[in-house]
Amino acid sequence: MISLRDVSKAYPRAGDALRGVSFRLRKGEFAFLTGPSGAGKSTVLELIHFQTRPTEGEVQVSRYNSRRVRRRDIPALRRRVGFVFQDFKLLERLTAAENVAFALEVIGTPRREIAGRVQRLLSQVGLAARASSRPSELSGGERQRVAVARALATEPRILLADEPTGNLDPDAAGGVFELFRMLNHLGTAVLMATHDADFVRRHREIRRLELQGGRLVGDSAA
Amino acid sequence: MRAVREALAGFRRTPLLCALSIGAVGLSLVILGLFGLVAHNVGGAIGDVERRMEVVGYLLDDVGPEQVRDARRELEALPAVESVRYVSKNEALERARRDLVEFSDVFGELRVNPLPASFHLRLREGFRTPETVSETAGTLAAYPFIEEARFGDEWVERLFALRSAAAAIALALGGGFALVAVLLIVTTVRMAVLARGEEIEIMQIVGAREGYIQRPFLLEGAVTGFAGGLLALGVTRLAYVVFPARFAAVESLAWLPHPWTVAGVAGAALLGLLAAAFSVHREVGRAYGPS
């Protein structure tokens, strides 16, 4: 489903972000992407989301290959790959329901279907009761759930999460993680970047890909 | 429909910025409009002078009517020639008596008419170039019974130099002010894109198509250009009405031809669209990577 083959990424000013990284993530799999800040976790996620292209090597996501992908195919790829951020990236002027509806509208969902789907998505993340609250009225955990509901709006097969629990207290972080586990049980592959070593240690059953200085230095599945 | 809704929302969100940019685009186009007005009137004046331009051939005294008739037919058949007028010796004298009143004593005492008969050739539009005028004068002078052919070669060349200079200035100024308008629209759309940066980022993340994101901005650019064009047209019209009334030296001005005004406003809208396309492609397009 996701495959990185000997991927290197260098930025003109910042230099090498990744060097020779290779791994595969199968359909329905759950993996942590760990490592300290600056190890290259976000770069891996951006490469899988095709926000950037490798300097060397290739990234394959479903049928999309970084060497051959056409610019006009990128939106279709991104609809298959949901993305959740540490800072939620919610629109403050919109309610929770409107934030989710915004994503549905953007991908061309018929208007008459939007309200029903928003309700289902918010129920799925346990936030049906807070549909009309604005992000500023929600807790960190709740905001992240809205962001997850929005990421699920396109019915992605893969969910990428960049430090999704980084801004949350332990309880809220646990809640969001359980949500990811539930989505994974329903068949969505999850790749979650985190630098929280304790959090990763508590979930030894989950595959761990460890980055350091732009290199993959450990893969618990290997 | 969404693009229209979003573009209107863009205007509602930042009305002052939009008004300022329409005003700024309008002002830069006003200068273009005023220059167009001047260029059109100068062009009209030059055209009038050109229309009156004649190649004159003076005939020897002993030319028979058949020779005159044949030559006239041949001259009329020349592709560059619009009309041929023959002025006989008597007509020339009549005209001299009428036009040169101060010499009436001299003309009254004449026993022999000293003035020659002449052919007056007017050239068709598009053929009034120094080369064609000189060539036609050469053809006329080649008749054995033509004593001399004149066409005022010096002022013909000056006239054409003036026209070329006017065209070059129009092109340079037009291009310059159009560029100013483009830069203003590029900046406005860029600011609008930056103001909606968060929304655009989310659209890109969830998989919106590039066109879906860009269309409202393109529309906003086109509308800004169109409104700026209309404003410029209005101010130019105002100047057209006020200017001759204030300055007695300017007797009358011709208003811009209708196709010019339509092309001007449509061109401004197109300029706005292209400027917005440039701006939005740079700002939004980079999230989709190389083409």
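**Note on the sheet and cores of chain A**

1. In this predicted model, strand β4 (residues 56-61) of chain A is joined to β5(A) by two bridges, and the two run antiparallel. Strands here are DSSP runs of E of at least two residues, helices runs of H or I of at least four, numbered from the N terminus. Two strands count as paired if DSSP finds at least two bridges between them. Val61(A) stands opposite Tyr64(A) in β5(A).

2. The open sheet has four strands, ordered β2-β1-β4-β5 in chain A, with antiparallel pairing. At its edges are β2 (15-25) and β5 (64-65) of chain A, each pairing on one side only. Helix α1 (residues 41-48) of chain A packs on the sheet and touches β1 (2-11), β2 and β4 of chain A; contact means heavy atoms within 4.5 Å.

3. The largest nonpolar core (buried Ala, Val, Leu, Ile, Met, Phe, Trp, Tyr and Cys residues joined through side-chain atoms within 4.5 Å; buried means under 20% relative accessible area, with a 1.4 Å probe and protein chains only) has 68 residues. Helix α3 (residues 96-106) of chain A gives the largest share of this core, eight residues. Apart from this core lies another of 32 residues, including Val7(A) and Val61(A).

4. Phe30(A) is among the residues with the most contacts inside the largest core. Leaving out residues up to four places away in sequence, Phe30(A) touches Phe177(A), Arg181(A) and Met192(A), among others.

5. The model scores ipTM 0.89 and pTM 0.69. Local features need pLDDT of at least 70, and side-chain atom pairs count only at 80 or more. Residues are numbered from 1 along each chain as its sequence is written.

Technical notes:
Chains are lettered from A and ligands numbered from 1 in the order in which they are written. Side-chain values use heavy atoms; hydrogens and water are left out. Axes are lines fitted to C-alpha atoms, for helices over the stretch in contact, and angles run from 0 to 180 degrees between N-to-C directions. Buried means under 20% relative accessible area, exposed over 50%, partly exposed in between (1.4 Å probe, protein chains only).
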